[in-house]
Every structure is written in C-alpha cells, then in structure tokens.
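Colleague: Got a minute to walk me through this one? I'd like to start with the fold and then get to the ligand.

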Amino acid sequence: MKFDDLKNKVALITGASKGLGKAMALALAEVGVKLALVSRDKKLLSEVTAQIAAIGAEAVVFPADVADEAQVVALEKAIAARFGRIQILINNAGINLRKSITDFTLEEWNRIQAVNVTSAFLMSRSFVPHLLGQGYGRIINMTSMMSHVSLPGRTAYSTSKAALLGFTKALALELAPEQITVNGISPGPCTTEINRPLLENPELTQFFLSRIPVGRWGRPEEVAQLAVFLCSDAGGFITGTDIVIDGGWTAQ
Ligand SMILES: NC(=O)c1ccc[n+]([C@@H]2O[C@H](COP(=O)([O-])OP(=O)(O)OC[C@H]3O[C@@H](n4cnc5c(N)ncnc54)[C@H](OP(=O)(O)O)[C@@H]3O)[C@@H](O)[C@H]2O)c1
C-alpha cells in the first residue's frame, strides 16, 4: 500500500526518542507525515530528527515529561505555534518496573500509572480539540499484551495497561461521530530498551522465546507498520479496539 492519504498530515508521538516510538516516527515519515517528537531526552530526539531529515521528511523536537500536567499544557501551545493543528496523536510513552507486590513503594506504583495512563488522559485532553472538526483524526494508545494477560511481577504495569485499554474504548465512543478513531496496539515482547533487563539475562531471554510461538522477539518496525495502517484511510472503520501483535503469545 502507498498510503498517499497520509502525506502532509501532522503526527505527535510521545516516547519518540527510541524503541517503538522512534520506529513509528520513521515509518510515518517514510509516507510523508510531519512529526512532532516528544520525550524527556532532547539529544536522543534530535538524533531521530536527523534520521527523518535524511529521508526528506520534517520533524520537530518538543522535550517534555508527559506525566506532568503543566508540561503537557505548555506542549500543546508550542506544537500549535509550530504546526497549527495535528491530525494524529500516538500516546506511546511508557515505563515498566518488574517486582513483587510487597516490594513496590507507593511512589513507584503512582509513577507507573502516571506515565502509562494519566499521560494519555492529559495528552488527549489537550490535543483532542486539534482533531475535532477535521472529518479525520487518529489516536493510538500503546497498550500491551499485558493489558490482556500477565506474568508475576507485573501488577503495576498490567494495571496501567488494562486501564489504558479501558480509556481507549471510552474515548473511541466519545470521538466516533467526529470520524476520529481511537485504538490500542498491544505488542508482545519486542527488542527495545524497556526489555533490556530481559534481553540481558540469558535465562529470561530463553523463557520469553519459549513462550512466543513464532520463536522470536518482535521487531519495532513491525509495530510501526501497523500504526501506519491504522493512521491511513484504510483504517477508518477500525475504532474502539485493540490490535494484538505478539507472535501468538496470547493465543495460548
Ligand atoms: N517493547 C515491548 O516489548 C512492549 C510491549 C508492549 C507494550 N510496550 C509499550 O510500548 C511503549 C514504547 O515502549 P518501548 O518498547 O519503545 O520502550 P522504550 O524503548 O523504553 O521507550 C520508551 C519511551 O517512552 C519515553 N518516556 C518514558 N517516560 C516518559 C515521560 N515521563 N515523558 C515522556 N516520555 C517518556 C522514553 O523517552 P525518554 O526516556 O527519552 O523520556 C522513550 O522514548 C510503552 O508504552 C511500552 O509500555 C512495549
């Protein structure tokens, strides 16, 4: 597919400095989307911008902590000043902490909910007004196979990702009459920074590989291509759902 309909649309991606966010930025840039790239790390974001410039597309860096209300409000003003309105919002920023329930501090628990769920609320509240009245709009929330199944040590993360899935469905119903789709993408284990503790541990790597029916980790580019499809006109009748991309993990 050529995805010509996406040319010159503006997409805002949170957590665009690395991993899945970076892969989605590059894939959308390839089809002519202009990008507002958000994370806390200006240097890494600038490197992504340089890669996007090299393929002849446009990207602008907006450093921010998306769990901070004041920073999200300021972000909306900065992006409006630079791009006018956006058409695509990808709430992708996320963190994980794997430990038993008795080892969690309240601060750690709250931080995971703030970054993984509350940020999607803050971002959507600020940017939905951009999407209204355009007859087109896309919101993608990066959920997880852990929205659907879980593992020991994932109470905080699974709670946040299941909540994000509920948020996705409710917002989809609110925005459907505006032709704005809202969907989750639920990846299984992919080769990114968030999984470094698993990828660096041979026993854990082996455990994960043994649970993934296709016998390999997911590639960020595979998740990115799914995001491009959901953003395109071809994805216009898909809303309020969650697409699992996990090499078969949740089929077991
Ligand atoms: N990889 C997987 O296997 C997998 C599976 C299921 C779901 N997911 C979800 O996919 C999303 C992307 O994960 P990933 O695998 O690409 O992980 P990653 O490589 O660790 O990237 C996470 C991104 O989130 C950003 N981020 C974290 N906290 C932030 C904050 N407070 N404000 C702004 N940006 C913040 C990070 O940027 P800075 O550090 O530069 O701020 C980084 O760009 C996450 O929501 C994750 O839960 C991943």
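Modeller: Sure, here's the sheet, then the helices, then the ligand shell; keep in mind that this is a predicted model.

Colleague: OK, in what order do the strands of the sheet come?

Modeller: The order is 3-2-1-4-5-6-7, with seven strands in an open sheet and parallel pairing.

Colleague: And which strands stand at the edges?

Modeller: Strand 3 (59-63) and strand 7 (242-245). Each has a single partner strand, so one side of each has no neighbour in the sheet. From one strand to the next, the twist averages 15°.

Colleague: How many bridges join strand 1 to strand 4?

Modeller: Three, between residues 10-14 and residues 88-91, and the two strands run parallel. Ala11, for one, has Ile88 in strand 4 as its bridge partner.

Colleague: What does helix 1 touch on the sheet?

Modeller: Helix 1 (residues 19-30) packs on the sheet and touches strands 1, 2, 3, 4, 5 and 6. Its direction makes about 170° with that of strand 1.

Colleague: And helix 4, where does that lie?

Modeller: Helix 4 (residues 106-131) lies across strands 1, 4, 5 and 6, and runs at about 180° to strand 4.

Colleague: Switching to the ligand: how many residues surround it?

Modeller: There are 28, and the closest are Gly15, Gly19, Arg40, Asp41 and Gly94.

Colleague: Which element gives the largest share of that shell?

Modeller: Helix 1, with three residues.

Colleague: How do the shell residues divide into nonpolar, polar and charged?

Modeller: Twelve are nonpolar, eleven polar and five charged.

Terms used. Residues numbered from 1 in each chain as written. Predicted model: local features only at pLDDT ≥ 70, side-chain atom pairs only at ≥ 80, totals over all residues. Pairing = 2+ DSSP bridges. Helix = DSSP H or I, 4+ residues; strand = E, 2+ residues; numbered from the N terminus. Axes fitted to C-alpha atoms, helices over the stretch in contact; angles between N-to-C directions. Contact = placed C-beta atoms within 7 Å. Near = placed C-beta within 6 Å. Nonpolar A, V, L, I, M, F, W, Y, C, P; charged D, E, K, R; others polar.
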